[in-house]
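Me: Please take a close look at a single part of this structure and set it in its surroundings. I should like a formal account that gives the cut-off behind each term.

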Amino acid sequence: MNRIDARFAELKAQGRRALIPYITAGDPAPQHTVGFMHALVEAGADVIELGVPFSDPMADGPVIQKACERALKHGVRLTHLFEMVREFRQRDAQTPVVLMGYLNPVERIGLEAFAAQAADAGIDGVLTVDMPPEEADEFGPILEQKGLASIFLVAPTTSQERAATICAHGEGYLYYVALKGVTGAATLNAADVAEHLAPLRGLTELPLCVGFGIRDGASAAEVGKVADGVIVGSALVSRIAEHAEQPDAIAEELKAILGEMRQALDALPAR
Amino acid sequence: MSKFSDLTRLPDARGHFGPYGGRFVSETLSFALDDLEKTYMRLRDDPDFQAEFDYDLAHYVGRPSPLYHAERWSKKLGGARIWLKREDLNHTGAHKVNNTIGQALLAKMSGKPRVIAETGAGQHGVATATVAARLGLKCEVYMGAEDVQRQKLNVYRMRLLGAKVIPVESGTRTLKDAMNEALRDWVTNVDDTFYIIGTVAGPHPYPMLVRDFNAVVGREARRQSLEEFGKLPDALVACVGGGSNAMGLFYPFVEDDDVAMYGVEAGGDGVDTGRHAAPLASNAPRGVLHGNRTYLMSDEGGQVSDTHSISAGLDYPGVGPEHALWKDVGRVQYVAANDDAVLEAFRELTRIEGIMPALESAHALAHAKVLAPTMRPDQNIVVNLSGRGDKDIMTVAKIDGLEF
């Protein structure tokens, strides 16, 4: 069983929600990333989304754009991410790691080579922001062959018909984008999220995780009432940015903010 | 029977031109692109819509644009006769308005009160601001901060037209970053905003509809060639950044196998120096950017490369996906013209014909200079003079050591 599925099965049995932090690999410098990943796990991360820095992150707001720029200044590329995850796996064999990024760096390596190297490094899933299921005919089966989950996005604007297609292709979990906009935008509306998640339950058994607009314990708890998991990115990455000059302080910062969310989620009644 | 007939039946139902094109966008935009595609497919064969489009092109843009025989310049170069398709004489001074008229009609039909655009040299931004003013639409234009500096005149033109120009400070601060930012705006304001893309790139259906709206250039040139010299041209030449003016000129000739076509990319300091914006001529790898798969200048890690060109309008690392396919099947030859050759062509046409071309268009002229002497005097070259050069006076003056 894929580590992602195993983790969600475990959470379900415990009646708990998944907490999924996102950080950009190599931000503020590559030597810190593995340490941050361990810190996130210590603070209660169930799955880690590791961002692949890209020169043109079209779906991201300024916070993650700048994180990409900091990482790219160090020349961080996919091969470095594989090394980071390999190192992370030496101490952590359980926590699922999902690569999140854009298609071009992956295509440049080649789909087959990418899948082989990612699986070998200990990566469990891949979320390619600019590759909807209609364009995944070739990539999907290649990932599947290597046991990597294809994770897809569903948006507030997604029609029921498209949602059915996405659910049919999706693996691991479904990433519901809570806001029309880029990452790090305004605060989400929990009632609106609940309304959109309800019909998805009829389409899939996949865990429904919600990202965009979650920034603290309170917003995590709001979403946790209706979702199987919450995803937090820009709120963490902005802490990294604030402390980019004192990287040794970052791990504690990440633990503080993620720990608050963990507590808030675990205080909710069991699902 | 043309060996290229299949090319006229593209894109396929999912917006692919062979291995290129497609719709590589984040999920939030999918419904908006579906909507746009449905609207356009309904209207493209609708006689009322076409009549309105044609009326605007005739009475607002001033079409048809002339096909002008550059007699003195042809004589100086020796060889083939050179004809200029005078898109520079359009309202707003470039071919860009053909597309913005079309897309503004679509925006009007969709009932969205706000339009956005990306722009490089500012020509597409001006053309968008112009149609927005005419239709009373709110207009915001994203422009790389570096381009805002080198195209101050167009920035002010847009402001006079009532548009807001938003300088983009991210990335390389040029056209590709402006397009990133426009896409970010669109994904945020998708309910009330129509995105007017300025070239034959972007996610499906944009490459198709921008092509269709610009194809009036080639249809006219075809008819005018028969009128002026009684046969089809032997060669067509147009500059290629994203590739909309070239697409517009070439498309109606695709099945005319005897008409050679040359797409001229920005060679910058030279394709072998790495400082250029010529993904096709330099055989860049395949990649995905701004919603489509195409030839894309990127490094080994898949990061999109910095580009360089004297002309802001060609300073783009990718190219329209239909051009990518046309390169592969050999329908069009893609070459590059370097900055210095471009400047020389700019000066030469200005002095010899009294026509000041845009630096973008001067790329096509630079290749015509190479091509014409290799051809016979009874042969004809049609060059797309896609825009006028007023906006580039400051750039050229700066090279001449003058500041105003």
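Reply: Two residues are said to be in contact if their C-beta atoms, placed from the backbone, lie within 7 Å. The model is a predicted one, in which local features need pLDDT of at least 70 and side-chain atom pairs count only at pLDDT 80 or more, whereas totals for chains, interfaces and linings use all residues. Residues are numbered from 1 along each chain as its sequence is written, and chains are lettered from A and ligands numbered from 1 in the order in which they are written.

By the contact criterion, 32 residues of chain A meet 30 residues of chain B. On the chain A side, helix H3 (62-73), helix H5 (103-109) and strand S6 (152-154) are the elements that each give two or more residues; the names refer to DSSP runs numbered from the N terminus, with helices (H or I) of at least four residues and strands (E) of at least two. H5(A) gives the most to this side, with five residues.

The part chosen for the close look is the run of strands in chain A that leads to the annotated site. Two strands pair if DSSP finds at least two bridges between them. Strand S7 (residues 174-177) of chain A pairs with strand S8 (residues 208-211) of chain A in the parallel sense, over four bridges. Within this pairing, A:Val177 has A:Gly211 of S8(A) as its bridge partner. On its other listed pairing, S8(A) is joined by two bridges to strand S9 (residues 229-232) of chain A, and the two run parallel. The bridge partner of A:Cys209 in S9(A) is A:Gly229, and A:Val210 stands opposite A:Val230. S9(A) also pairs with strand S1 (residues 18-24) of chain A, again in the parallel sense and over four bridges. There, A:Leu19 stands opposite A:Val230. A:Val230 thus has A:Val210 opposite it in one pairing and A:Leu19 in another.

Helices connect these strands. S7(A), helix H9 (residues 190-201) of chain A and S8(A) form a right-handed β-α-β unit, right-handed meaning that, with the strands pointing away from the viewer, the path from the first strand over the helix to the second runs clockwise. A further right-handed β-α-β unit consists of S8(A), helix H10 (residues 217-224) of chain A and S9(A).

In a regular strand the side chains alternate between the two faces of the sheet. For S8(A), both faces are covered: A:Leu208 and A:Val210 on one side, and A:Cys209 and A:Gly211 on the other, are all buried. A residue is buried if 20 or more other C-beta atoms lie within 10 Å of its own, exposed if 12 or fewer, and partly exposed in between. S9(A) is covered on both faces as well, with A:Gly229 and A:Ile231 buried on one side and A:Val230 and A:Val232 buried on the other.

A:Ile231 leads to the annotated site, for it is touched by A:Glu49. An unreviewed UniProt entry places the feature "active site" at A:Glu49 and A:Asp60; such annotations may be inferred rather than shown by experiment. A:Glu49 belongs to strand S2 (residues 48-51) of chain A and counts as buried because it has 26 C-beta neighbours inside 10 Å. Leaving aside residues up to four places away in sequence, A:Glu49 also touches A:Ile20, A:Tyr22, A:Val98 and A:Met100. A:Asp60 sits in the loop between S2 and H3 of chain A. A:Asp60 is buried because 26 other C-beta atoms lie within 10 Å. With the same sequence exclusion, A:Asp60 touches A:Gln65, A:Val182 and A:Thr183.

For the setting, chain B may be added. An automatic or database domain assignment gives chain B a domain 1 (8-57 + 96-210) and a domain 2 (64-93 + 215-399), with C-alpha centres 22 Å apart. Between them, 41 residues of domain 1 are in contact with 39 residues of domain 2. Several elements of chain B supply at least two residues each to the domain 1 side, among them strand S2 (20-24), helix H4 (96-110) and helix H5 (123-135); S2(B) has the largest share, five residues. The unreviewed UniProt entry lists B:Lys96 as "modified residue: N6-(pyridoxal phosphate)lysine". B:Lys96 lies in helix H4 of chain B and counts as buried because it has 31 C-beta neighbours inside 10 Å. Beyond four places in sequence, B:Lys96 touches B:Gln123, B:His124, B:Ala127 and B:Gly198.
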